[in-house]
Amino acid sequence: MDLGLKNKVVVVTGASSGIGLATAGMALEEGAKVALCARGAERLDAVAEKFSALYGADHVFAQAVDVLDEGAVNAFAAAVLDRFGAVHALINNAGQGRVSTFADTTDDAWRQELELKYFSQIRPIRAFQEALKTSGQGAIVATNSLLAYQPEPHMVCTSSARAGVQSLLKSLSVELAPDIRVNSILVGLIDSNQWQRRFEAREDPAQTRDDWFADLARKKNIPLGRLGQPEEAARALLFLASPAASFITGAQVEISGGISRYI
Ligand code: NDP
């Protein structure tokens, strides 16, 4: 199947690692022009250099941006338009989860988490909305989490914020139609830097990576018996961002190895 992304412009936030990195690489593989952002310039520049060598510097643009910084996001949008002349798809992927129960989540932690989850959507959508509209085939896809529908008490504020974001996306899929489609993926456990960091902080330093991840999949009762790979989330993000998904809006695709228990 041709996704129809050749020479289209795809923006990926949080593109220096994990799911975002895999998505940016796959978009380039499809012939798209890709604009990448993340906060850390060093890691992002290394990624951009590698991608430029593989796919041509004329297809790659990277800028260090914190998606919560309105000025920086607006400047990024202007720079992307200046560089590529159009934007066809925005993949809002930047972020991370917060592990805390209600008892140990302070007001500041609540505010930070709500700000991260909501404004990592709101700021880039505001900044790219007009360009997406004028592209004639605008698409927004968000990386969200299964926690939106299946909250976990040990991630109380992340779960709550994820549910709110899902509601926001559904509203936007109506308000921005028919010019811009809005969809999301709901990920379960994907083997990215977030889990690598938790593995590195494991209780038993003698436990190997393979054993630690296998143990985690068992504890979480993942029917497919393992964590997902970033590419497995990236394929769904890219499909929803592409003209191949032209009649899909307001939808969410679960990428969880079957971990959800709702129907
Ligand atoms: P990674 O830590 O591997 O990648 C996160 C990326 O986002 C990095 O490039 C990071 O770069 C960037 N980033 C983080 N915060 C910001 C910010 N404020 N502004 C710009 N860039 C930012 O994690 P994943 O690939 O797992 O995460 C991708 C998304 O998937 C996240 O939103 C995460 O919450 C979500 N998710 C992942 C799950 C999983 O199991 N992996 C489960 C549920 C949801 P830098 O730090 O340099 O900014």
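**Exercise 1. Find the backbone atoms that touch the ligand through polar contacts, and work out how covered the ligand is.**

Start at Ile-19: a polar backbone atom of this residue sits 2.8 Å from an oxygen atom of the ligand. That counts as a polar contact, a pair of N or O atoms within 3.5 Å (inside the protein, one must be able to donate a hydrogen and the other to accept it, and residues adjacent in sequence count only if both atoms are side-chain atoms). Next, go to Val-67, where a backbone N or O atom is 3.0 Å from a nitrogen atom of the ligand. Then check Gln-96: a backbone N or O atom there lies 3.5 Å from an oxygen atom of the ligand. Finally, the cover: the ligand taken alone exposes 880 Å², and the protein buries 92% of that. Such areas come from the Shrake-Rupley method with a 1.4 Å probe; for residues, only the protein chains shown count as cover.

A word on what you're looking at: this is a predicted model, where local features need pLDDT of at least 70 and side-chain atom pairs count only at pLDDT 80 or more, while totals for chains, interfaces and linings use all residues. Residues are numbered from 1 along each chain as its sequence is written, and side-chain values use heavy atoms, with hydrogens and water left out.

**Exercise 2. Describe the shell around the ligand and say why the ligand lies between two domains.**

First, the count: 29 residues surround the ligand, and Ser-16, Ser-17, Arg-39, Arg-162 and Ser-192 come nearest. Being near means having a heavy atom within 4 Å. Second, sort them: 10 are nonpolar, 15 polar and four charged. Third, look at elements (DSSP runs, helices H or I of at least four residues, strands E of at least two, numbered from the N terminus). α1 (18-29), β5 (138-145) and α6 (193-200) each supply at least two shell residues, and α6 gives the most, with three. Last, domain 1 (9-190 + 229-255) and domain 2 (192-227) both give residues to the shell, so the ligand lies between them; the bounds come from an automatic or database domain assignment.

**Exercise 3. Track down the backbone oddities.**

Begin with the cis peptide bond: Ala-177 and Pro-178 share one, with omega about 0°. Pro-178 is in the loop between α5 (156-175) and β6 (180-187). Now Asn-221, which isn't glycine yet has a positive phi near 55°. Asn-221 sits in the loop between α7 (209-219) and α8 (230-241).

Definitions and conventions:
Ala, Val, Leu, Ile, Met, Phe, Trp, Tyr, Cys and Pro count as nonpolar, Asp, Glu, Lys and Arg as charged, and the others, Gly among them, as polar.
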